[in-house]
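Student: Could you take me through one part of this structure slowly? I would like to look closely at the salt bridges and then see what lies around them.

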Amino acid sequence: LLLMYLILKSPFGSTLQAIRDNPERCAAVGIHVRRHQLKAIIIATFFGGVAGVLFVIVEGSIFPDLLFWTLSLEIFIMCLLGGWFTFAGPILGAAIIVSLRTFVGTYTQYWTLILGVILILLIFFLPEGIMGYNYRQLFRSRASEDRVSEVVRAVVHRIDGLASLLGEGATMREWVPGIMRVLEAAYGPYG
């Protein structure tokens, strides 16, 4: 997990996220999209192989029934429940689904029906997953607070700049050139 996290936070991981979001823009910027996608597939195959080896070690055996579609659906729902675009989301989703499967499996044999209901509820009520929802709420509140404080700081800075440029008792005729001088100092010349 540490190695995956380091890859995700590296410049290569940021490039992969950019390719995921908009491959055309990345290609226009000069990123070799196919090469990075090939590297990502190789890395994912390596981690998939390690996971398979660890699964065999834990279970002690392996059999073809594990290749049935319900296991793929469980993995899909684990990622969806936790949150696709977060690092800890699929881990949390896996913990919840495995615990739920163990608990529900003792009471009923209709685990796939319950899995389908979970999938429908996730799609309708929590499409970004648990961690995605938490991150969205956290960043929404932080972003609004940061944006308000940033605007207040900018206005205070501009007013201080105007006061120093205009001096005491400035008339309205002097405000426009003063505002233009402050804006030019902050953002560069216009036109």
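Tutor: Happy to! Let's begin with a cut-off that we will need: a residue counts as buried when its relative accessible area is under 20%, as exposed when that area is over 50%, and as partly exposed in between. Please keep in mind that this is a predicted model.

Now to the salt bridges, of which there are two. Start with the pair E74 and R101, whose closest N and O atoms are 2.5 Å apart. E74 belongs to helix α5 (residues 69–82), while R101 belongs to helix α6 (residues 89–105), so this salt bridge ties together parts that are 27 residues apart in sequence. How buried or exposed is each partner? E74 has a relative accessibility of 6%, so it counts as buried. R101 comes out at 31%, so it counts as partly exposed.

The other pair is R20 with D21, and here the closest N and O atoms are 3.1 Å apart. R20 is partly exposed, because its relative accessible area is 43%. D21 reaches 56%, so it is exposed.

With the helices α5 and α6 in view, let's turn to the largest pocket. It holds about 2200 Å³ of space. Its lining is made of 45 residues, and those nearest the centre are M4, F47, I75, C79 and P90. Which helices supply at least two residues each to this lining? They are α1 (2–9), α2 (11–21), α4 (33–59), α5 and α6. So that you know where to look, α4 gives the most, with eleven residues. What kinds of residue make up the lining? By class, 32 are nonpolar, eight are polar and five are charged.

Finally, let's move to the surface. A nonpolar patch of about 810 Å² is found there, made by Y110, L113, V117, I120, L121, F124 and F125. Take I120 as one of its members: this residue lies in helix α7 (residues 111–125). Its relative accessibility is 48%, so I120 counts as partly exposed.

To look back at where we began: E74 is buried, whereas its partner R101 is partly exposed. In the other salt bridge, R20 is partly exposed and D21 is exposed. Try finding E74 in α5 and R101 in α6 in the structure, and then look for I75 and C79 among the residues nearest the centre of the largest pocket.

Definitions and conventions
Residues numbered from 1 in each chain as written. Predicted model: local features only at pLDDT ≥ 70, side-chain atom pairs only at ≥ 80, totals over all residues. Heavy atoms only, no water. Salt bridge = Lys/Arg side-chain N within 4 Å of Asp/Glu carboxyl O. Buried < 20%, exposed > 50% of the residue type's maximum accessible area, 1.4 Å probe, protein only. Helix = DSSP H or I, 4+ residues; strand = E, 2+ residues; numbered from the N terminus. 1 Å grid on protein atoms, 1.4 Å probe; cavity = no way out; pocket = protein on both sides within 12 Å on 5 of 7 lines; lining within 4 Å. Points joined across faces, edges and corners; volume = space filled by probe spheres on them. Nonpolar A, V, L, I, M, F, W, Y, C, P; charged D, E, K, R; others polar. Patch = residues over 30% accessible without salt bridge, like charges linked within 9 Å, V, L, I, M, F, W, Y side chains within 5 Å. Areas by Shrake-Rupley, 256 points an atom, 1.4 Å probe, with all protein chains shown as cover.
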